[in-house]
Amino acid sequence: RAFVYGMTYFEIGSADNTAPNITNVTATTADGSYKEGDTITITVTFSEAVDVTGIPKLTLGTGNDATYFSGTGTNELTFKYTVVDGDTTDDLDYNAIGSLSGTLKDTALNNATLTLVTPGTSGSLAANKTLVLDTTAPTINNVTATTADGSYKAGDTITITVTLSEAVDVTGTPKLTLGTGNDATYFSGSGSDTLTFKYRVKAGDTTSDLDYDTKRSLSGTLKDTALNNATLTL
């Protein structure tokens, strides 16, 4: 607006009374599974640029906080979260509509409205990304054989299966040391929760009930999709 007072021309700028609001929450971290120590980078987008005072926090569904990292003076703030032991979720989101805290103002000093959309709905972290937090190491549940009960001679093949608590990816060639002192060798199963080992009976093998040698008889590199190393204790 403008007006003239006497011979002087005045122009009055329009006031900004509109509070910034949150328009989207997502992550630059790729979809996938993450283990203890991994970092998740989350972005919160506002309707206009905001200036940050202090260190805002975003409480996640794990109960822990992602901490403000950068973005003051822009409409997109970045938060960082380092996965900690015990974090478990198949689709990470913030905890509630009031999970963002801190002091955020636009250039007119309007306080930003920090209300988030309901977790899981359009515009939320979980709706935009699929971030699995898995800090639990796979464990061994069972060892058995698909080979029938019976007696076997030199040259016969025994097929042994090792079942874990979750699917694992195999690197290299794991081995299972048997009570005979020889090793059954990994054959198949990477990407599943059941691994198959093969053993060809050798001359001199004698046992009334074949088993592995000790609770430490399984060796190799087995990881879940979050790259947690499997606990190989039998």
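Two strands are said to pair when DSSP finds at least two bridges between them. With that in mind, this tour moves through a predicted model, one selection at a time.

**First stop: strands β5, β6 and β7**

Select β5 (39–59) and β7 (74–82) together. These two strands run antiparallel and are joined by eight bridges. To see one of the bridges, pick T41, whose partner in β7 is K80.

Keep K80 highlighted and add β6 (65–70) to the selection. β6 and β7 are also antiparallel, with three bridges between them. Here K80 in β7 serves as the bridge partner of T67. Next, follow the chain from β6 into β7: the two strands form a hairpin with three residues between them. In that turn, select G71, which has a positive phi of about 120°.

**Second stop: the largest nonpolar core**

Which residues have the most contacts inside the largest nonpolar core? They are I40, I42, F46, L58, F79, L100 and L104, within a core of 28 residues. It is helpful to colour the contributing elements: β3 (22–27), β5, β6, β7, β9 (100–105) and β10 (131–134) each give two or more residues to this core. The largest share, seven residues, is supplied by β5. As background, nonpolar side chains in soluble globular proteins tend to be buried together.

Now centre the view on I40 and display its surroundings. Setting aside residues up to four places away in sequence, I40 touches T29, Y34, F79, K80, Y81, V83, L92, L131 and L133. A second core, separate from the one above, has 19 residues, including L176, L178, V201 and L222.

**Third stop: a three-stranded open sheet**

Select β4, β10 and β8. They form an open sheet of three strands in the order β4-β10-β8, and the pairing is mixed. β4 (32–34) and β8 (88–89) stand at the edges with a single partner strand each, so one side of each has no neighbour in the sheet. Between β8 and β10 the pairing is antiparallel and spans two bridges. Within this pair, T88 can be found opposite D134 in β10.

**Fourth stop: β12 and its partners**

Move to β12 (157–177) and keep it displayed while its partners are added in turn.

- Add β11 (140–145). β11 and β12 run antiparallel and are joined by five bridges; N142 stands opposite T163 in β12.
- Add β14 (residues 192–200), which is antiparallel to β12 and joined to it by eight bridges. The partner of I160 in β14 is F197.
- Add β15 (residues 218–223), likewise antiparallel to β12, with five bridges. V170 has L222 as its bridge partner in β15.
- Add β13 (residues 183–188), paired with β12 in the antiparallel sense over three bridges. L176 is matched with A184 in β13.

β12 and β13 also form a hairpin, with five residues between the strands. Its turn contains G181, which has a positive phi of about 95°. Two residues met in this group, L176 and L222, are among the members of the second core.

**Fifth stop: A145 and T147**

Select A145, which lies in strand β11. Is A145 buried, partly exposed or exposed? Its relative accessible area is 34%, so A145 counts as partly exposed. Apart from residues up to four places away in sequence, A145 touches T159, I160 and T161. Draw a distance between the C-alpha atoms of A145 and K198: the two are separated by 9.7 Å, although they are 53 residues apart along the chain.

Then select T147, in the loop between β11 and β12. T147 counts as buried because its relative accessibility is 19%, and buried means under 20%. The side chain of T147 reaches the backbone nitrogen of T159 at 2.8 Å. Beyond its neighbours within four places in sequence, T147 is in contact with Y152, T157, I158 and T159.

**Last stop: the largest pocket**

Finish with the largest pocket, which has a volume of about 630 Å³. Of the 24 residues lining this pocket, select the closest to its centre: G150, Y152, I158, D209 and L210. Y152 and I158 were met a moment ago as contacts of T147. Strands β11 and β12 each supply at least two residues of the lining.

Methods: Residues are numbered from 1 along each chain as its sequence is written. This is a predicted model: local features need pLDDT of at least 70, side-chain atom pairs count only at pLDDT 80 or more; totals for chains, interfaces and linings use all residues. Side-chain values use heavy atoms; hydrogens and water are left out. A nonpolar core is a set of buried Ala, Val, Leu, Ile, Met, Phe, Trp, Tyr and Cys residues joined through side-chain atoms within 4.5 Å. Buried means under 20% relative accessible area, exposed over 50%, partly exposed in between (1.4 Å probe, protein chains only). Helices (H or I, at least four residues) and strands (E, at least two) are DSSP runs, numbered from the N terminus. Contact means heavy atoms within 4.5 Å. A polar contact is a pair of N or O atoms within 3.5 Å; within protein, one must be able to donate a hydrogen and the other to accept it, and residues adjacent in sequence count only if both atoms are side-chain atoms. On a 1 Å grid over the protein atoms alone, a cavity is a set of points where a 1.4 Å probe fits but cannot get out, and a pocket is an open set with protein on both sides within 12 Å along at least five of seven lines; lining residues have an atom within 4 Å of a point. Grid points are joined across faces, edges and corners, and a volume is the space filled by probe spheres set on the points.
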